[in-house]
Amino acid sequence: MQQKNKAGVQQTDLDSIYRESDIVSMHIPLNENTKHMIDSYAFDKMKPDAVLINTSRGAVINQEQLILALKKGSIGGACLDVYEDEPLKMDSPL
């Protein structure tokens, strides 16, 4: 069992976050390690009613795989303040 610190924060791994979270909110910089960090692997681990929020950089999410995950019902929804390609095209499925 992982220990919580005095503030009640528990450090864990990404697989556990994907698998156990009702809401995954992205607040990270875009760099070579975080580009497309959220992809089909992450979506396949998420709960079918999980919601993904991204207010960091659009490219931390693989947008094509997000669209597929939403169409398949792999996740419940996505709230996006940013997109991989901006501005978002009017004919985008998002």
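In what order do the three strands of the open sheet stand, and is their pairing parallel or antiparallel? In this predicted model, the strands follow the order β1-β2-β3, and the pairing is parallel. The strands β1 (23-26) and β3 (77-80) stand at the edges with a single partner strand each, so one side of each has no neighbour in the sheet. On average, neighbouring strands of this sheet are turned by 10° against each other, direction ignored. As general background, the strands of a sheet pair through backbone hydrogen bonds, in either a parallel or an antiparallel manner.

**The chain as a whole**

The protein chain contains three helices and three strands. Along the sequence, these elements follow the pattern α-β-α-β-α-β. Taken along the principal axes, the C-alpha atoms fill a box of roughly 45 × 25 × 20 Å. The chain has 94 residues, of which 31% count as buried.

**From β2 to β3**

Strand β2 comprises residues 51-54 and pairs with β3 in the parallel sense over four bridges. Within this pairing, N54 has L80 of β3 as its bridge partner. Helix α3, residues 63-72, joins with β2 and β3 in a right-handed β-α-β unit.

The table lists the elements of this unit with their residue ranges.

| Element | Residues |
|---|---|
| Strand β2 | residues 51-54 |
| Helix α3 | residues 63-72 |
| Strand β3 | residues 77-80 |

**The largest pocket**

The volume of the largest pocket is about 200 Å³. Its lining includes Q63, E64 and I67. Further lining residues are E84, D85, P87, L88, K89, S92 and P93. By character, the lining divides into four nonpolar, two polar and four charged residues.

**Residue E86**

Where in the chain does E86 lie? E86 belongs to the segment after β3. Is E86 buried or exposed? Its relative accessibility is 52%, and E86 therefore counts as exposed, since the cut-off for this class is over 50%. E86 can also be placed in relation to G58: the two residues are 28 residues apart in sequence, and their C-alpha atoms are 8.5 Å apart in space.

**Summary**

The model thus presents an open sheet of three strands in parallel pairing, and a right-handed β-α-β unit made by β2, α3 and β3. A pocket of about 200 Å³ is the largest in the model, and E86, in the segment after β3, counts as exposed.

Terms used. Residues are numbered from 1 along each chain as its sequence is written. This is a predicted model: local features need pLDDT of at least 70, side-chain atom pairs count only at pLDDT 80 or more; totals for chains, interfaces and linings use all residues. Side-chain values use heavy atoms; hydrogens and water are left out. Two strands pair if DSSP finds at least two bridges between them. Helices (H or I, at least four residues) and strands (E, at least two) are DSSP runs, numbered from the N terminus. Axes are lines fitted to C-alpha atoms, for helices over the stretch in contact, and angles run from 0 to 180 degrees between N-to-C directions. A crossover is right-handed if, with the strands pointing away from the viewer, the path from the first strand over the helix to the second runs clockwise. On a 1 Å grid over the protein atoms alone, a cavity is a set of points where a 1.4 Å probe fits but cannot get out, and a pocket is an open set with protein on both sides within 12 Å along at least five of seven lines; lining residues have an atom within 4 Å of a point. Grid points are joined across faces, edges and corners, and a volume is the space filled by probe spheres set on the points. Ala, Val, Leu, Ile, Met, Phe, Trp, Tyr, Cys and Pro count as nonpolar, Asp, Glu, Lys and Arg as charged, and the others, Gly among them, as polar. Buried means under 20% relative accessible area, exposed over 50%, partly exposed in between (1.4 Å probe, protein chains only).
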